[in-house]
Amino acid sequence: MGSLSDIGLAAGINILSALGFLLAFAILRLQPINDRVYFPKWYLKGIRNSPRHSGNVVSKFVNLDFRTYIRFLNWMPTALKMPEPELIDHAGLDSAVYIRIYLLGRLKIFVPLTVLGFCVLVPVNWTSKTLENAQEVTFSEIDKLSISNIGQDTQRFWAHVVMAYVFAFWTYFVLYKEYKLIASMRLHFLASEKRRPDQFTVLVRNVPPDPDESVSEHVEHFFSVNHQDHYLTHQTGFWGLWGKTLDAIDYHTAEIEKLSKEEDAERERVISNPKSIMPAAFVSFKSRWGAAVCAQTQQSSNPTLWLTEWAPEPRDVYWSNLAIPYVELTIRRSLMAVALFFLTFFFIIPIAFVQSLANLEGIEKVVPFLRPVIEVQVVKSLIQGFLPGIALKVFLILLPTILMTMSKIEGFTALSALERRSASKYYLFLFVNVFLGSLITGTAFEQLNSFLHESANKIPEIVGRSIPMKATFFISYIMVDGWAGIAAEIIRLKPLVIFHLKNTFLVKTEQDREQAMDPGCLEFASSEPRIQLYFLLGLVYAVVTPILLPFIIVFFSFSFLVFRHQIINVYNQQYESGASFWPDVHGRLIVAMIVSQLLLMGLMSTQRAPQSTLLLGLPVITICFHSFCKGRFEPAFVKLPLQDAMVKDTLERATEPNLNLRDYLKYAYIHPVFHSDDIEHPLAIEEEERNPLVATKRNRSTPGDSKYASETSSDINF
């Protein structure tokens, strides 16, 4: 296990690495040639002009104003100056709420917990002498500051029980206030938001086939009958196509100019091909109220048909999954659940390898011939304090991509939903493998001699005392991933290299240069679970080993600064979901609280502390708190109040009485491959506005000919 010298060496390496990244960033961002790499958001907004357009030849590439180098750290206070309402207008509510997660962890939760932990728990732990008198347990100086140093059946455990309740109720208070605030921010954002197509549109899936009507005609007929006062139009057909036909279009689109005629011909063939039409549609309504009613109600007596949900905004649509049938969705998700299980299970192998690096002292007792190799103190400190954290981070590099692919196979239709689903998988993976896996395998390596020679009834006791000792490994991981890793994020090395390669060999015009920029975005699917791992570590070790908390605070503080800068100057979000991810964030924080409470209860029971029974109420209280917050606030993230929809509709009719909503929505949900001005799109049929009877191609003498006729209406005369 890591000693104080190991942690000190690792801290020195990571601090120097972070400072090196920050210094390189401070210099690179001042160079005119890199301006589009470090300030792309302002270029996309049309506010910033390239400094390379003026000055002499040298000054177009290198900043010759040496006064700016003196103020090279001014980006830090600048990142904090933009007030939150302006940040929401500038970057969206998703970005602003994401930043609040770091603020929640830094100031609101862990700073008070750290103060209490160091004032109450550290002295209680330090003044006990249990570990010094134990013969069968390997420990370091840091472990003397943890609960492992408390003897069995002692009154000192009262301090830990009281602090566990204090920490829990403080966290309840903070989470409640934050959930309430963000729910209010979301409702205000939706109420004040400019008109968007998704406010009037519902995504309809599993449109049943009809022998007499095409998919488009069937959709129009169904909604004209069942939402006759509110239905406006729909997009469907070739606008939602996918498959081999689209692959051909993509191929021709990528061809050189001589193939443009073939491309146009292929488009026309797809448009006229009924096989390209999917059983899904974007149905738009005359008002937000009408869309809200449709999105939040069951449309058919068969709950697997005419499935409706709020349409994602056009940028958020993941077109590939629109046509997946209901039954196939269930099969896909079951298969991916099995695949996730095996992926998680087999990843224990590299986790065990990482833990073997972190516990060389324990291994030396069983295999002493390795001792000469690792006995040199500097080498030993480097291996134990730095290498395990960096090795674990390397093993996790490809994981987010794999999990995102699995989420796509599951059939989600929005990029935001894909990211939330991938984030859930990633968090589960980090919890099982990085947290629990590191504890179990690390304890086995660390106390290997005890595991081999003690009786079976002694092993739970040894494990219980050893769990707090893994704090040194997690401290190492926090410094590698949360200090140096976050500093590496701001330097944007990969986008920097790619931009200059494109700028050198591919860019011919200013438009080419604009396209060469890669602003990136907040990778919610990978970054949010990483934040949650730090919340989990902080909550678990707040009572057990408070010395870990300052490292967590540094992570949250540094991340808050870096990502606020990136959101203001760099990232360009692909979509805006109105902070719909917050219930997931809150839920994972609740899971972390319950896990920390159960582990503390188990740990104290292994040390025969009678006070451990008093902790039984904490998980119950936490679950009740979550149930209350879920019922009180979650509807704001799932449903749109009809009252709010009606207010906004009424205001819009009063301020814009001549608004042509049909023209506004006509091409809102068009497949990206058809984003071309030279394509004529069919106008939506307006027959329902002129005729109270809905036109249909069904045989008038056999109104019940379709087996799905009952899904529309049994009272309409055809």
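How much space lies in the second largest pocket? In this predicted model, the answer comes out at about 1300 Å³. A total of 46 residues line this second largest pocket, and the ones closest to its centre are Trp310, Arg420, Ser580, Phe637 and Val638. Quite a few elements chip in with two or more lining residues: helices H9 (157–192), H13 (288–295), H21, H29 (582–606), H30 (617–633), H31 (635–638) and H32 (642–655), along with strand E4 (307–310). Sorted by class, the lining of the second largest pocket holds 19 charged, 16 nonpolar and 11 polar residues. As for where the second largest pocket sits, residues of its lining come from both domain 1 (4–195 + 442–638) and domain 2 (197–312 + 660–713), so this pocket lies between those two domains.

The largest pocket comes next, with a volume of about 1600 Å³. Its lining is made up of 42 residues, and Pro400, Glu489, Cys521, Glu523 and Ser526 are the ones that lie nearest its centre. Two or more lining residues apiece come from helices H20 (399–410), H21 (415–446), H24 (471–491), H25 (493–505) and H27 (524–544). H24 provides the largest share of that lining, at 7 residues. The class breakdown for the largest pocket reads 26 nonpolar, 10 charged and 6 polar residues. Which domains does the largest pocket lie between? Domain 1 (4–195 + 442–638) and domain 3 (328–410) each give residues to the lining, so the largest pocket lies between these two.

Turning from pockets to enclosed space, the count comes to 7 cavities of 30 Å³ or more. In the largest cavity there is about 140 Å³ of space. The lining here consists of 15 residues, with Ala164, Phe167, Leu539, Ser596 and Gln597 nearest the centre of the cavity. Three helices, H9, H27 and H29, each put at least two residues into the lining of the largest cavity, and H27 gives the most, with 5 residues. What classes of residue make up the lining of the largest cavity? It divides into 12 nonpolar and 3 polar residues, with no charged ones.

How do the helices around the largest cavity pack? Two packed helices are described by the angle between their axes and the distance between the axes. For H27 and H29, the axes come within 9 Å and cross at roughly 30°. Angles under 35 degrees count as roughly parallel, and H27 and H29 are therefore roughly parallel to each other. Their crossing is right-handed. For H9 and H27, the axes also come within 9 Å, but here the crossing angle is roughly 150°. That makes H9 roughly antiparallel to H27, given that the cut-off for this label is over 145 degrees. The crossing of H9 past H27 is right-handed.

The second largest cavity has about 120 Å³ of space in it. The residues that line this cavity are Asp94, Tyr98, Ser416, Glu419, Arg420, Leu522, Phe524, Gln573, Tyr575, Ser577, Ser580 and Phe581. Helices H7 (93–126) and H21 are the elements that give two or more residues to the lining, and the largest share, 3 residues, comes from H21. By class, the lining of the second largest cavity splits into 5 nonpolar, 4 polar and 3 charged residues. Two names here have already come up: Arg420 and Ser580 line the second largest cavity, and both are listed among the residues closest to the centre of the second largest pocket. H21 is another recurring element, with two or more residues in the lining of the largest pocket and likewise in that of the second largest pocket.

Terms used: Residues are numbered from 1 along each chain as its sequence is written. This is a predicted model: local features need pLDDT of at least 70, side-chain atom pairs count only at pLDDT 80 or more; totals for chains, interfaces and linings use all residues. Side-chain values use heavy atoms; hydrogens and water are left out. On a 1 Å grid over the protein atoms alone, a cavity is a set of points where a 1.4 Å probe fits but cannot get out, and a pocket is an open set with protein on both sides within 12 Å along at least five of seven lines; lining residues have an atom within 4 Å of a point. Grid points are joined across faces, edges and corners, and a volume is the space filled by probe spheres set on the points. Helices (H or I, at least four residues) and strands (E, at least two) are DSSP runs, numbered from the N terminus. Ala, Val, Leu, Ile, Met, Phe, Trp, Tyr, Cys and Pro count as nonpolar, Asp, Glu, Lys and Arg as charged, and the others, Gly among them, as polar. Domain bounds come from an automatic or database domain assignment. Axes are lines fitted to C-alpha atoms, for helices over the stretch in contact, and angles run from 0 to 180 degrees between N-to-C directions. Angles under 35 degrees count as roughly parallel, over 145 as roughly antiparallel, 65 to 115 as roughly perpendicular and the rest as oblique. A crossing is left-handed if the near helix is turned anticlockwise from the far one by less than a right angle, and right-handed if clockwise.
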